[in-house]
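Please open the structure in your viewer and keep the selection tool at hand. The tour moves from one selection to the next.

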Amino acid sequence: MDERTLLWTAVKAADDKRAENIVALNMKGISLVADYFVICHGNSDKQVQAIANEIKDKSGELGISVKRFEGYNEAKWILVDLGDIIVHVFHRDERTYYNLERLWGDAPVENIESVISQ
C-alpha cells in the first residue's frame, strides 16, 4: 500500500464525515513516530466518533489494520494509528487547547485541496 493513497483515504474519510479544518503535516525527518499527521476536528462527541470510525472503516477496506485506536469513549481527542500515518481527531475545544499545528510548526503542510470537497 502506497502511503500517499492511505493519506488521501484518511483525509477523504474525515471530509466525508464533515471534519473541519483538515490539515496533513509531512513529518518525514521531523518525527520518528510517523511520516504524516492528519489533524482535524468535529463539533460534537458523536461527530468526533463518526470521523474516527470512518477513517478506521475506509482504511480497513484497503487492508490496513489500525495499530492503535485511543480516546474513543471520551471523544475529546481520538488517535487513529495507521502506521506511517497518525490521525488526530479532536473535539473543537481540545484542538484549540493542544494546537498541534503550532507544536509541529516546522512540518510542511501537504496540499489536500484535491481530496476534500469544496
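The stops below begin with a central strand and end with the nonpolar cores.

This is a predicted model, in which local features need pLDDT of at least 70, side-chain atom pairs count only at pLDDT 80 or more, and totals for chains, interfaces and linings use all residues. Residues are numbered from 1 along each chain as its sequence is written, and side-chain values use heavy atoms, with hydrogens and water left out.

Select strand S5 (85–91); helices (H or I, at least four residues) and strands (E, at least two) are DSSP runs, numbered from the N terminus. Seven of the seven residues of S5 are buried, so the strand is largely enclosed by the rest of the structure. Buried means under 20% relative accessible area, exposed over 50%, and partly exposed in between (1.4 Å probe, protein chains only). Ile-85, Val-87, Val-89 and His-91 line one side of S5, and Ile-86, His-88 and Phe-90 the other.

Next, add S2, which pairs with S5 in the parallel sense over seven bridges; pairing requires at least two DSSP bridges between two strands. Gly-42 stands opposite His-91.

Then add S4, antiparallel to S5 over five bridges, where Ile-78 has Val-89 as its bridge partner. Three residues separate these strands in their hairpin, and Gly-83 takes a positive phi near 95 degrees there.

Finally, select Ile-22, Ile-55, Leu-82 and Val-87, the residues with the most contacts inside the largest nonpolar core, which has 27 residues. Such a core is a set of buried Ala, Val, Leu, Ile, Met, Phe, Trp, Tyr and Cys residues joined through side-chain atoms within 4.5 Å. H1 gives the most to this core, with six residues.
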